[in-house]
Amino acid sequence: MSAFGSSTQTVPESGDVPKHVAIIMDGNGRWARKRFLPRVAGHKQGVDTLRRVIKASIERGIEYLTVFAFSSENWRRPSEEVSFLMNLFVSALNEEVARLHKNGIRLKIVGDLSRFELPLRQLIEAGERTTAGNSRLTLTIAANYGGRWDILQACNRLARAHPEKCGEWSEGDLAPYLAMAHTPEPDLFIRTGGEERISNFMIWQLAYTELYFTDRLWPEFDAKTLDDAIASYQRRERRFGRTSAQLQADGSSLQPESPMQQSQDA
Ligand code: IPE
Ligand code: IPE
Ligand code: MG
């Protein structure tokens, strides 16, 4: 079993501050083009933005921050841009892991890492190992990640581990094999850069996540934009399938309930 519940099986606890925020950091290329800079200058700036957003997330009491850095489809970009991004990943890990560790941050990288070159894979492994005992914030970077890849790799691993149960698997059986098994499902999803799509990000885990889209380009994203997203989140009524009247009768939408209690109350 995974340590975290599933929003489609039981109503999760949800508070004023989102416990888990997941972000598609989009708009780096357009940010650079607007300044007559090469696209990759936007990616470089994007790393600085991420550093600021990590700090702001800790200050706001967010416990899990997950960011989409490179999708399984981003290999389709010009090879120079892809290699720039790979080098940027290497240098960011080289420069930042010590700082993350000092700040009590646990680093996780999710995605199909087999396609990365050995030095990058070694840095990822070392970064995860160094920070494994930290608990102030879990920072997950999705790299060569795709939501469909995740579901399929989890199914394949489950099939190999439990062939005897094939055809009778439950959500609970699959959960520990998903790449995001170390986090609860995101409460708040943010996409910068104006596109309103999921682009194959965490398609399993976003089932009941509140979605927030902003035109702000990722290099321009800051604590204020994060606060706007959180304020929007706080105005939402998270019903998880229940009615508004049920939530009001409970006096609070914050009470977790088991499906059994729900049917008895109804
Ligand atoms: C997001 O910015 C970063 C990555 C996908 C690596 P983009 O590079 O997609 O920027 P736009 O969308 O072209 O502006
Ligand atoms: C999604 O951004 C992936 C990342 C931010 C890493 P893209 O810019 O690649 O998304 P699409 O292809 O425009 O949907
Ligand atoms: Mg983009």
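**Figure 1. Burial and contacts of Thr183 in the predicted model.** Thr183 counts as buried because its relative accessibility is 5%, and buried means under 20% relative accessible area. In this predicted model, Thr183 belongs to the loop that runs between helix 6 (171–174) and strand 5 (188–191). Leaving aside residues up to four places away in sequence, Thr183 touches Phe4, His20, Tyr64 and Thr140.

**Figure 2. Surroundings of ligand 1.** The residues around ligand 1 are Met25, Asp26, Gly27, Asn28, Gly29, Arg30, Arg39, His43, Ala69, Asn74, Arg77 and Leu85. The space that ligand 1 takes is the largest pocket. Two elements, helix 1 (28–34) and helix 2 (39–59), give two or more residues to the shell around ligand 1. With three residues, helix 1 gives the most to that shell.

**Figure 3. Backbone polar contacts of ligand 1.** The view shows Gly27, Asn28 and Gly29 beside ligand 1. A polar backbone atom of Gly27 lies 3.4 Å from an oxygen atom of ligand 1. For Asn28, a backbone N or O atom is 3.1 Å from an oxygen atom of ligand 1. For Gly29, the distance between a polar backbone atom and an oxygen atom of ligand 1 is 2.9 Å. Ligand 1 taken alone exposes 380 Å², and the protein buries 88% of that area.

**Figure 4. Surroundings of ligand 2.** Ligand 2 sits in the largest pocket. The residues around ligand 2 are Ile24, Met25, Asp26, Phe68, Ala69, Phe70, Ser71, Asn74, Arg77, Arg191, Arg197 and Ser199. Strand 2 (residues 64–71) gives four residues to the shell around ligand 2, the most of any element.

**Figure 5. Side-chain polar contacts of ligand 2.** The view shows Arg77, Arg191 and Ser199 beside ligand 2. An N or O atom in the side chain of Ser199 lies 2.5 Å from an oxygen atom of ligand 2. In the case of Arg191, a polar side-chain atom is 3.2 Å from an oxygen atom of ligand 2. In the case of Arg77, an N or O atom of the side chain is 3.2 Å from an oxygen atom of ligand 2. Ligand 2 taken alone exposes 390 Å², of which the protein buries 79%.

**Figure 6. Positive phi at Asn144 in strand 4.** Most residues other than glycine have a negative phi. Asn144 is not a glycine, yet its phi is positive, at about 45°. This residue, Asn144, lies in strand 4 (residues 137–145). Asn144 has a relative accessibility of 5% and therefore counts as buried.

**Figure 7. Positive phi at Asn200 in a loop.** Asn200 also is not a glycine and has a positive phi, here of about 65°. Asn200 is found in the loop between strand 5 and strand 6 (210–213). The relative accessible area of Asn200 is 17%, so Asn200 is buried, the cut-off being under 20%.

Key: Residues numbered from 1 in each chain as written. Chains lettered and ligands numbered in written order. Predicted model: local features only at pLDDT ≥ 70, side-chain atom pairs only at ≥ 80, totals over all residues. Heavy atoms only, no water. Buried < 20%, exposed > 50% of the residue type's maximum accessible area, 1.4 Å probe, protein only. Contact = heavy atoms within 4.5 Å. Near = heavy atom within 4 Å. Polar contact = N/O pair within 3.5 Å; in protein donor to acceptor, adjacent residues only side chain to side chain. Areas by Shrake-Rupley, 256 points an atom, 1.4 Å probe, with all protein chains shown as cover. 1 Å grid on protein atoms, 1.4 Å probe; cavity = no way out; pocket = protein on both sides within 12 Å on 5 of 7 lines; lining within 4 Å. Sits in = over half its atoms within 2 Å of the grid points.
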